[in-house]
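Colleague: Please take a close look at one chain of this model for me, and then follow it outward to its partner. I am new to this, so please explain each term when it comes up.

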Amino acid sequence: MKRLMTMLLSIMVLSASSAFAQYVVKGVVVDAAGESVIGAAVLQQGTANGTQTGLDGEFTLTVPSASTVLEISFLGYQTVTVEAGKAARIVMQDDTKFLDEVVVVGYGTVKKSDMTGSVSAVKADQINKGVISSPSDLLKGKTAGVVITSGDGQPGSASTIRIRGGSSLNASNDPLIVIDGLPISNESIGGVSDQLSSINPSDIESFTVLKDASATAIYGSRASNGVIIITTKKGSIYTDSKIPKVSFDFTSSLSQNTKYVNVMTADEIREAMLAYAGAESAGYAALGSANTDWQKEIYQLAKSFDANLSLSGNFKIGNGKLPYRISGGYLNQEGVLKTSAMDRGTLSLNLNPTFLDNHLTVSLNGKGMMSNNHFANTGAIGQAVEYDPTQEIYDTTSNGMDGYRIWGTNGIANTQSTCNPVASLAQYAELAVAKRFIGNAQIDYKIHGFEDLRFNLNLGIDISSSNGTKDTPIGCEQSYHSQTQSGSGYHEDYSNFKKDETLEAYFNYNKTISKHTIDAMAGYSWQHFYKEADWLGVKKNTGETLQGAPSKSEYFLVSFFGRINYTYDNRYMITATLRNDGTSRFFNNKWGLFPSVALGWNIKNESFLVDSKAISKLKLRLSYGQTGQQDLNSGDYPTLAAYKTNLVGSYYQFGDQVIIPITPLGYNADLKWETTTTYNAGLDFGFLRDRITASVDVYYRKTTDLLNYTPVAAGSNLTNYLDANIGDLENKGIEVELNVIPLETKDWYWSIGFNGTYNENKILKLTTSDGPDYTGVATGGISGAVGNTIQRYMVGYPTNSFYVYEQIYREDGTPIMGAYVDRNGDGAITENDMYCYKKAAPDFTFGLNTTLTWKNWTLAASAHANVGNYMYDNMSSRYGLMSDLWTNNFVANRMQNATIANFTTAQYFSDYYIHNASFFKLDNVTLGYTFNFAKKYALNIFATVQNALVVTTYEGIDPEIFSGIDNNMYPRPRTYILGLKFNF
Amino acid sequence: MKKYKVLFIAAIVALCAGLSSCVGDLNVTPIDPNITLPEDVLSSEDAYAQVLAKCYAALATSSSEGPDADPDIDGVDGGFGQYMRALFYMNELPTDEAVICWNDKTVANMHNMCWTSSDVFVTAMFSRIYYQIGLCNEFIRRANASGFQSANMTQMIAEARALRALSYYHAIDMYGNVPFALDTDPVGSTGPDQISRADLFTWMVSEINDFMGDLKPIGQNVYGRVDQGFAKMILAKLYLNAEVYTGTAKWNELATVCKEIINAYPSLESNYTWLFLADNYRCSEIIYAVQSDATNTRSYGTTTFIIKGSIVSGNADWQDFMGVDDGWGGLMITPEFINKFDDGDARKLFFDGGDFVNDETRHTFEIADYKSFTNGYTTYKFKNRTRDGGYGAAKNFPDTDLPVFRTADAYLMLAEAVLRGATTASSAEALTAYNAVHTRAGLSAVASIDLNDIIDERGRELYWECFRRSDLIRFNMLTTDTYIWSWKGGQQEGRSVDSHFNLLPIPASETNANSKLVQNAGY
């Protein structure tokens with residue numbers, strides 16, 4: 001891998017010639033292990049005369065004489081100087097300083113060996129790339145403690161990212177994302193499903209995940225759920241070439257739906273109707289003679305392609321340098337559900353000039369994105385499940401629009417029936433055009449004459465806008481099914497705009513005096529978040545406009561923060577941070593103070609281990625810290641008394657006069673910061689020159705003053721649910737990361753990365769009194785009837801525990817309808833017999849990545865697994881009722897398993913529908929081959945299968961659903977990819 | 001070198017100057033054009049009228065954004081949590097007047113009479129009542145403190161107090177000892193004290209008499225706003241059930257106030273069916289009705305729920321007959337209740353689907369399966385049709401207003417008061433009042449009446465107007481075996497249930513949020 005990387009990185013051609021050339025040096029450069037070093041710079045000392053080593057490490061250079069001194073340098077090795085006459089074989093030694101990797105953390109970098117917090121760094125190069133439209137996919141399964149659940153199969157759908165479980169209940173559980181030093185808001189705007197998708201994954205250099213409070217507390221208010229720092233690729237100051245390095249890649253792919261919901265076929269439903277309703281029944285008479293597989297009709301083989309081009313290099317401007325990188329990407333992706341698609345163009349520019357003898361460094365980062373999102377009517381997914389398979393797609397006798405078959409009489413739609421899914425897709429169009437710009441300028445100035453002190457200023461802006469339209473034609477079936485439209489047809493224009501501004505400034509002081517190293521930082525941050533939205537709907541037949549009110553909102557965060565790192569003798573480290581955060585959201589309790597402290601002991605550097613050959617790394621880390629939360633998902637003014645003007649439909653008439661009412665809104669003037677306290681203990685190991693590295697972390701996190709959306713005492717406020725700081729929640733767990741390089745020779749390289757996490761989440765307190773009768777807050781809405789929920793927040797149980805009745809079964813294992821265990825023994829089955837049974841979140845999550853390289857071949861695979869996650873099979877509970885085969889004058893298809901339970905009355909709350917959904921997923925397998933041309937160019941071609949294999953006992957279409965409720969999910973397809981990557 | 005230092009110092013100074021103003025940014029006020037601070041918006045009497053309109057609208061809609069978005073109360077589907085729909089669930093479903101065959105949450109427990117303190121519908125009703133009380137308190141609090149002092153303001157405050165009294169009547173009737181919050185309490189999260197049913201009764205009587213004079217006289221206010229007739233009806237309801245609420249009957253007071261109402265509304269509407277049509281705003285018999293309007297006032301509660309809930313979906317002809325474009329199905333009536341009607345009774349508006357259904361989908365009279373959409377007759381008492389055969393302005397949301405109080409109820413209350421011993425009216429007056437209601441339905445006048453006639457006549461006259469639960473309790477029929485109906489207590493033949501079901505429980509979420517509350521006995 002190193003060889004390959006080195007080669008890909010190689011770009012240097014030092015063109016120079018000497019008029020007095022007399023001596024030709026031919027040599028080879030190797031490393032300590034005897035491997036050739038490719039792309040090392042070989043320079044006649046003090047001149048511009050030089051060359052670089054080729055693929056075999058060899059070089060040829062003409063110099064004045066055999067005693068001319070050559071300087072051989074390469075990133076990661078100590079520079080060697082040697083006389084030309086002795087340069088036949090040059091051995092370069094590892095530069096241990098460089099190997100001591102630098103990791104980007106909040107407001108600065110830290111040497112990996114000095115780190116005291118729980119931090120995982122992932123280089124983008126370590127990542128197998130499939131068709132990836134969002135950066136979050138890159139990180140999936142790569143680090144312990146980070147659970148990324150991709151949204152669904154819809155192009156551009158957003159992933160849910162959880163670091164060490166969720167620390168909040170009703171407030172946001174999303175981690176803070178920082179891109180090139182700019183903290184961005186994770187809030188998505190309408191028309192864009194995934195806020196992260198505006199970053200082109202191929203522009204990403206590395207991720208750093210900050211997990212414990214020692215690492216995150218410096219981001220205080222927004223870091224309760226961890227921080228993901230994304231660093232994009234930049235031009236390198238190590239290159240001196242005027243010729244830019246060019247990289248181009250192109251991938252093309254086909255996606256295919258692999259699993260369908262097991263509903264009855266046409267023949268099966270005929271049989272079932274005969275058995276259930278009888279040959280004389282209206283239901284049987286309503287059956288048609290066709291054999292339509294509706295699920296096959298709505299899905300397609302989806303084509304995609306993705307192309308990226310980047311140029312990077314380094315301009316010399318006087319004494320200064322201007323490294324640059326510019327890249328462009330275009331992605332065009334169809335969804336497997338017909339009519340869904342997206343295309344996206346991205347443009348990224350990084351400039352990193354230095355001035356004033358390297359005292360002033362400027363980093364300018366700009367990323368632009370424009371996308372067109374075609375959203376399909378995803379209601380068709382459920383309609384295809386339920387639609388009668390004995391009916392044709394087109395049936396003019398039913399008088400549906402455009403010849404589509406509809407349920408109804410005399411062309412009047414039966415509005416309680418299932419819409420024709422093919423028509424639902426064809427008669428709905430939604431297109432959102434989204435644009436986003438993220439830019440920041442980071443100015444870092446080393447004070448002249450006092451170089452230990454730096455001043456850093458970061459100015460950033462993040463602007464996004466989207467404009468979308470939705471359209472359904474007059475008289476189409478779905479328009480009749482809408483109560484507000486009644487067949488009117490509908491057109492809607494919507495727009496969203498968001499602007500986040502950031503100003504951050506800090507001083508950093510770094511000084512080493514003999515064995516003491518101190519690194520101190522103090523800074524200030526100001527952020528402004530602004531958003532607006534508007535929409536207007538029009539009934540097409542009458543021109544009547546439907547409610548639409550422009551909305552605007554903003555909030556501010558102001559923070560002061562500081563950090564001290566002290567290291568003694570590279571053995572003992574202490575880090576302390578303090579952040580004081582102010583939010584405009586809590587008018588009367590604006591400020592929250594969040595401290596952290598961490599200790600590190602680099603045991604390896606103790607005298608008894610420093611010479612150990614076997615143990616190459618051993619470090620103990622301990623940390624404690626607090627972070628805050630103010631992102632409570634209830635608007636920006638939750639503490640202010642505010643009045644809201646009603647929209648049409650909520651007007652009232654006084655006599656002949658229509659009055660527009662004004663609604664006083666509920667508010668909680670006492671709202672304050674939610675606080676999460678984290679304890680972390682970690683041990684880092686390295687064996688055999690770090691061929692084996694491992695980390696183990698144990699953590700305990702307790703959130704107090706939970707921002708809890710909870711019932712407020714009746715009569716005390718202007719609402720029945722209010723945000724209040726009530727309740728406690730805990731997460732505890734263990735994380736293990738293991739990286740092994742079992743094989744590393746001239747031709748072979750094999751690496752295995754494994755990570756595993758155990759997390760346990762429990763609600764400790766929910767209300768002020770927590771009486772025994774209180775069954776908690778209902779959550780987890782399910783389909784089938786109106787307003788039903790299947791999960792609870794309940795004291796003593798994990799969040800989103802299923803709240804159900806305990807099913808009683810016959811001897812043959814089939815459930816007895818309506819027979820439940822009388823758990824409280826009062827002789828009657830009431831709500832009081834419901835209990836918490838299992839939960840959606842997994843107990844264990846695992847990630848596995850491996851790469852095997854042999855000469856020019858590379859085989860890579862990545863996989864992830866969840867254990868202990870449970871699923872409510874809403875598909876079987878809502879489509880499992882045999883009595884609904886024929887009800888409300890239409891035929892509704894049923895699940896094949898419906899005949900097992902044979903329920904005639906819905907039993908939504910039976911634990912019969914809750915299943916273990918543990919799984920192992922082989923996310924992708926890639927085989928690649930690299931061609932090298934003329935020692936300078938490399939062409940890599942590869943084939944990938946994404947979503948290659950799923951092993952699970954869960955019978956639904958996908959065991960991986962974040963909410964734990966399986967209900968007409970847009971399926972994740974299997975994707976076959978061919979790609980090439982060209983570097984020169 | 002020196003110039004850098006100067007530059008650097010200048011930068012620090014500029015930064016520090018910037019800091020103090022940035023901290024000031026944390027003091028925000030809403031910038032949304034639809035959201036304002038009360039002190040900014042309440043700049044005229046008209047603005048107060050808009051807030052008062054919210055107190056009215058909260059009975060009619062489920063949200064401030066039309067039927068589909070942002071419900072006023074949380075924890076329940078917006079349509080379910082609509083005030084009048086919740087009221088219907090509590091007061092009709094547990095009785096002989098209605099069965100619902102739906103599977104939504106615990107709705108089946110209402111008719112089966114096995115609800116618990118964590119029941120979502122019981123909780124929704126409670127939340128609605130106190131949301132309404134909170135709105136009225138907010139209006140009264142702001143209006144009393146405002147600089148505007150006029151007869152108009154005084155009247156508006158009295159109307160808000162009357163609407164608050166309506167909700168306290170619902171609270172005392174259904175929940176017994178309840179939280180007691182007034183406009184003098186601050187907005188916060190501290191739970192109010194619990195008031196005993198008897199003390200609340202006393203307070204309500206004196207409160208109503210206190211603001212009575214500030215309301216417009218009967219019939220003098222514009223349509224959609226309450227007058228003294230409305231306040232007197234609440235008084236009448238309190239007196240009617242005083243014995244249940246406090247142990248002390250108030251029959252004389254009841255007869256007196258009923259006579260005042262009857263005298264102010266000299267005649268009943270000639271045609272009973274007109275009272276429940278899209279143009280029922282024309283009926284002077286209606287003392288107050290919650291509005292519904294195809295454009296301005298829309299929800300999935302009130303008459304939308306009642307009308308659409310009475311039609312099996314997919315039957316275009318039936319929908320047209322009812323004046324709507326959609327049917328949800330689900331609401332049926334027990335055979336025992338229908339049996340109380342003579343064939344000639346104009347109020348007997350029940351059928352098996354009539355000409356709109358074929359034999360296979362025809363509704364059965366008996367309810368063998370209470371989860372079936374076709375077991376039990378349905379009613380067409382409420383329709384989105386006008387008295388001359390036209391339609392409401394649109395078919396998706398009806399124009400039909402939902403009567404809260406009608407004069408006919410006062411007639412029957414007067415009769416009951418006298419039968420139970422009131423001396424402030426004569427037996428002749430009682431019989432006349434009874435016959436006025438009875439004969440309007442096309443039936444012959446009767447020569448004498450007893451209390452059994454009263455409870456049955458109240459059912460026949462007022463069914464689906466949300467009084468049945470309360471009436472059956474007063475006649476000791478709701479939970480006992482004195483009167484049983486299909487699926488009472490969860491079995492088709494019916495059975496008595498424990499008497500604690502005469503009161504609804506204080507929701508468990510309330511007893512948790514407010515530790516001062518003591519749960520009703522039996523829950």
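Modeller: Helices (H or I, at least four residues) and strands (E, at least two) are runs assigned by DSSP and numbered from the N terminus. Counted in that way, chain B holds 19 helices and 9 strands. This is a predicted model, in which local features need pLDDT of at least 70 and side-chain atom pairs count only at pLDDT 80 or more, while totals for chains, interfaces and linings use all residues. Residues are numbered from 1 along each chain as its sequence is written, and chains are lettered from A and ligands numbered from 1 in the order in which they are written.

The radius of gyration of chain B (taken over C-alpha atoms) is 26 Å, close to the 24 Å from the globule rule (2.2 Å times the number of residues to the power 0.38) for its 523 residues, so chain B is as compact as a globular protein of that length. Along the principal axes, its C-alpha atoms fill a box of roughly 110 × 55 × 50 Å. Of the 523 residues in chain B, 56% are buried, where buried means that 20 or more other C-beta atoms, placed from the backbone, lie within 10 Å of the residue's own. Contacts (C-beta atoms, placed from the backbone, within 7 Å) can also be sorted by separation along the chain: among those in chain B between residues at least 6 apart in sequence, 66% join residues at least 24 apart.

One helix pair shows such packing in detail. Helix α11 (residues 251-264) of chain B lies against helix α15 (residues 407-419) of chain B at an angle of about 150 degrees, with the axes 9 Å apart; the axes are lines fitted to C-alpha atoms over the stretch in contact, and angles run from 0 to 180 degrees between N-to-C directions. On the α11(B) side, the residues that meet α15(B) include B:Trp251, B:Leu254 and B:Cys258, and their counterparts in α15(B) include B:Tyr411, B:Met413 and B:Leu414. By class, this contact has 12 nonpolar, 1 polar and 1 charged residues, where Ala, Val, Leu, Ile, Met, Phe, Trp, Tyr, Cys and Pro count as nonpolar, Asp, Glu, Lys and Arg as charged, and the others, Gly among them, as polar.

Moving outward, the contact between the two chains takes 95 residues from chain A and 100 residues from chain B. On the side of chain A that touches chain B, the largest share, 7 residues, belongs to strand β30 (residues 551-568) of chain A. That side of chain A has 44 nonpolar, 44 polar and 7 charged residues. Strand pairing, which requires that DSSP finds at least two bridges between two strands, also links the chains: strand β34 (residues 643-645) of chain A runs antiparallel to strand β1 (residues 35-36) of chain B, joined by 2 bridges. Here A:Lys644 has B:Ile35 as its bridge partner in β1(B).

Within chain A, strand β1 (residues 23-31) of chain A pairs with strand β4 (residues 58-63) of chain A in the antiparallel sense over 6 bridges, and A:Val25 stands opposite A:Leu61 there. β1(A) also pairs in the parallel sense, over 4 bridges, with strand β7 (residues 89-92) of chain A. Helix α8 (residues 379-386) of chain A has 7 of its 8 residues buried, so it is largely enclosed by the rest of the structure. The buried residues of α8(A) pack against α7 (294-298) and α9 (421-426) of chain A.

Methods:
Buried ≥ 20, exposed ≤ 12 C-beta atoms within 10 Å, placed from the backbone.
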